[in-house]
Amino acid sequence: IKLKITDREGVLHEVDAPTDMNMNLMEVVRSYELAPEGTIGICGGMAMCASCQCYVTSSHDLPEMSDDEDAMLAEAFNVKDNSRLGCQLHMTPELDGLEVELAPES
Ligand code: FES
């Protein structure tokens, strides 16, 4: 699927992500090195650090947040109505065309 990811410098990247590898958005960002090493995915995708927070700017129907994601975002900085944890968004065909911005490092 194609994704549009705006990095923390405001630069837009159009990337391809596979849907058959159980990858999440945080892993896609890391694989394309769209954020400096050590600033995203700090907890390894456990919904425990919020370093992978992003703002979803397209109007996709996203999967419901888990209680863990909801609780982490309740404590995180720079949270907006469209915040999600990248590590909790798995690449599925429904997310083709997804547009996100990486939240500032906190
Ligand atoms: Fe830590 Fe997503 S990588 S919350």
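Thr-19 counts as partly exposed, because 14 C-beta neighbours lie inside 10 Å, a count that falls between the limits of 20 or more for a buried residue and 12 or fewer for an exposed one. In this predicted model, Thr-19 is found in the loop between E2 and H1. A good way to see how the chain folds back on itself is to follow Thr-19 to Thr-92: the two residues are 73 apart in sequence, yet their C-alpha atoms are 5.1 Å apart in space. Once neighbours within four places in sequence are left aside, the contacts of Thr-19 are Ile-1, Met-91, Thr-92 and Pro-93.

Stepping back to the whole chain, the secondary structure comprises two helices and five strands, arranged from the N terminus as β-β-α-β-α-β-β. The chain is as compact as a globular protein of its length, since its radius of gyration of 12 Å is close to the 13 Å that the globule rule gives for 106 residues. The C-alpha trace spans about 30 × 30 × 25 Å along its principal axes. Contacts between residues 24 or more positions apart make up 65% of those with a separation of 6 or more. Of the 106 residues in the chain, 29% are buried. As for confidence, the average pLDDT of the chain is 97, and 100% of the residues score at least 70; for the complex, the predictor gives an ipTM of 0.99 and a pTM of 0.97.

The five strands form an open sheet with mixed pairing, in the order E2-E1-E5-E3-E4. Its edges are E2 and E4 (83-85), each of which pairs on one side only. From one strand to the next, the twist averages 35°.

Strand E1 (residues 2-6) offers a handy place to read the sheet in detail. With strand E2 (residues 12-16), E1 pairs in the antiparallel sense over five bridges, and within that pairing Lys-4 has Glu-14 of E2 as its bridge partner. Five residues lie between the strands of this hairpin, where Gly-10 takes a positive phi near 90°. With strand E5 (residues 98-102), E1 pairs in the parallel sense over four bridges; here the bridge partner of Lys-4 is Glu-99. Side chains along E1 alternate, with Leu-3 and Ile-5 buried on one face, while Lys-2, Lys-4 and Thr-6 point to the other face and are not buried. Such alternation between the two faces of the sheet is what a regular strand shows in general. Further along the sheet, strand E3 (residues 53-56) runs antiparallel to E4, and three bridges join them. Among the residues of this pair, Tyr-55 has Ser-83 in E4 as its bridge partner.

The interior can be described through the largest nonpolar core, which has 23 residues. Those with the most contacts inside this core are Leu-25, Met-26, Val-28, Val-29, Cys-52, Cys-54 and Val-100. Two or more residues come from each of E1, helix H1 (25-31), E3 and E5, and H1 gives the most, with four. Val-28 illustrates how these parts come together: leaving aside neighbours within four places in sequence, Val-28 is in contact with Leu-3, Val-15, Ala-17, Met-23 and Met-91. Two of these names have already appeared above, for Leu-3 is one of the buried residues of E1, and Met-91 is also among the contacts of Thr-19.

Note on methods: Residues numbered from 1 in each chain as written. Predicted model: local features only at pLDDT ≥ 70, side-chain atom pairs only at ≥ 80, totals over all residues. Pairing = 2+ DSSP bridges. Axes fitted to C-alpha atoms, helices over the stretch in contact; angles between N-to-C directions. Rg over C-alpha atoms; globule rule 2.2 N^0.38 Å. Contact = placed C-beta atoms within 7 Å. Core = buried A, V, L, I, M, F, W, Y, C linked by C-beta atoms within 7 Å. pLDDT = per-residue confidence, 0-100.
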